[in-house]
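Visitor: I would like to learn how to read features in a model like this one. Can you take me through it step by step?

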Amino acid sequence: MSSVRPSPEDIRKLRELATEWGKVIARRAFGPEGPGQEVSLTVMEELALEVSRGLVEGTLQTLLHQQAQTLGEEHPCPDCQHLCPVQYETRPLYLKGGHQLQQDEPVCHCPDCRRDFFPPPARPRP
């Protein structure tokens, strides 16, 4: 699954995995017997949506962190090529479905050019 975009088959398998985790969540939320008759579909849906937000947050934070690690500790300034340390600033990301998460975004500051820049993604390997 290291290609630029996961294949439809990979996505299908990951969705199946998420479905199995949904079963684990259901057991954790209501026990092995499940919800009683007094639990409405609305309550179950709100629980599922909140849990899905956690899945989205954990997945994206992990992937973005892994991606940022490919930058290394220094990155050349786009103007003068001076090597600048990669630092991180926390900022909110607004996602589809109304999700929001706090992300540590890589940023650099060039003391020679006096400019801030966001390092571009690593170049693909040949």
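**Reading salt bridges, sheet and surface**

Guide: Start with Arg-53, which counts as partly exposed because its relative accessibility is 35%. Keep in mind that this is a predicted model.

Visitor: Which side chain does Arg-53 meet in a salt bridge?

Guide: First the general idea. Side chains of opposite charge can pair when their charged atoms come close. Here the partner of Arg-53 is Glu-50, with 3.0 Å from N to O. Both residues sit in helix H2, three residues apart, or about one turn of the helix.

Visitor: How many salt bridges does the structure hold?

Guide: There are six. One of them brings Glu-105 and Arg-91 together at 2.9 Å, N to O. This pair links distant parts of the chain: Glu-105 belongs to strand E4 and Arg-91 to strand E3, 14 residues apart. Arg-91 has a relative accessible area of 35%, so it is partly exposed.

Visitor: Which residues are joined into one network by salt bridges that share partners?

Guide: Glu-9, Arg-12 and Glu-16 are. Within that network, the side chains of Glu-16 and Arg-12 meet at 2.3 Å, N to O.

Visitor: Why are Glu-16 and Arg-12 separated by about one helical turn?

Guide: Because they are four residues apart in helix H1. Now read their exposure. Glu-16 has 43% relative accessibility, so it counts as partly exposed. Arg-12 has 38%, so it too counts as partly exposed.

Visitor: Let us stay with helix H1. Is Leu-17 buried or partly exposed?

Guide: Leu-17 is partly exposed, because its relative accessibility is 45%. Leu-17 is found in helix H1, which covers residues 8–30.

Visitor: Which residues make the nonpolar surface patch?

Guide: Leu-14, Leu-17 and Trp-21 make it. The patch has an area of about 320 Å².

Visitor: Now the sheet. In what order do its strands run, and is the pairing parallel or antiparallel?

Guide: The general idea comes first. Strands of a sheet pair through backbone hydrogen bonds, either parallel or antiparallel. In this model, three strands form an open sheet in the order E3-E4-E5, and the pairing is antiparallel. Strands E3 (87–94) and E5 (115–117) stand at the edges. Each has a single partner strand, so one side of each is left without a neighbour in the sheet. On average, neighbouring strands are turned by 40 degrees against each other, direction ignored.

Visitor: Over how many bridges do E4 and E5 pair?

Guide: Strand E4, residues 100–110, pairs with E5 over three bridges, in the antiparallel sense. As an example of bridge partners, His-109 is matched with Asp-116 in E5.

Visitor: Which helix lies across E3 and E4?

Guide: Helix H2 does, covering residues 41–69. Helix H2 runs at about 15 degrees to E4.

Visitor: One last residue. Where is Arg-115 placed?

Guide: Arg-115 is in strand E5. Its relative accessibility is 27%, so Arg-115 counts as partly exposed.

Visitor: Leaving aside neighbours within four places in sequence, which residues is Arg-115 in contact with?

Guide: With that filter, the contacts of Arg-115 are Cys-77, Pro-78, Asp-79, Cys-108, His-109 and Cys-110. Take Asp-79: Arg-115 and Asp-79 are 36 residues apart in sequence. In space, their C-alpha atoms are 9.3 Å apart.

Definitions and conventions
Residues are numbered from 1 along each chain as its sequence is written. This is a predicted model: local features need pLDDT of at least 70, side-chain atom pairs count only at pLDDT 80 or more; totals for chains, interfaces and linings use all residues. Side-chain values use heavy atoms; hydrogens and water are left out. Patches are made of residues with over 30% relative accessible area and no salt bridge: like charges are joined within 9 Å, nonpolar side chains (Val, Leu, Ile, Met, Phe, Trp, Tyr) within 5 Å. Accessible areas come from the Shrake-Rupley method with a 1.4 Å probe; for residues, only the protein chains shown count as cover. A salt bridge is a side-chain nitrogen of Lys or Arg within 4 Å of a carboxyl oxygen of Asp or Glu. Helices (H or I, at least four residues) and strands (E, at least two) are DSSP runs, numbered from the N terminus. Buried means under 20% relative accessible area, exposed over 50%, partly exposed in between (1.4 Å probe, protein chains only). Two strands pair if DSSP finds at least two bridges between them. Axes are lines fitted to C-alpha atoms, for helices over the stretch in contact, and angles run from 0 to 180 degrees between N-to-C directions. Contact means heavy atoms within 4.5 Å.
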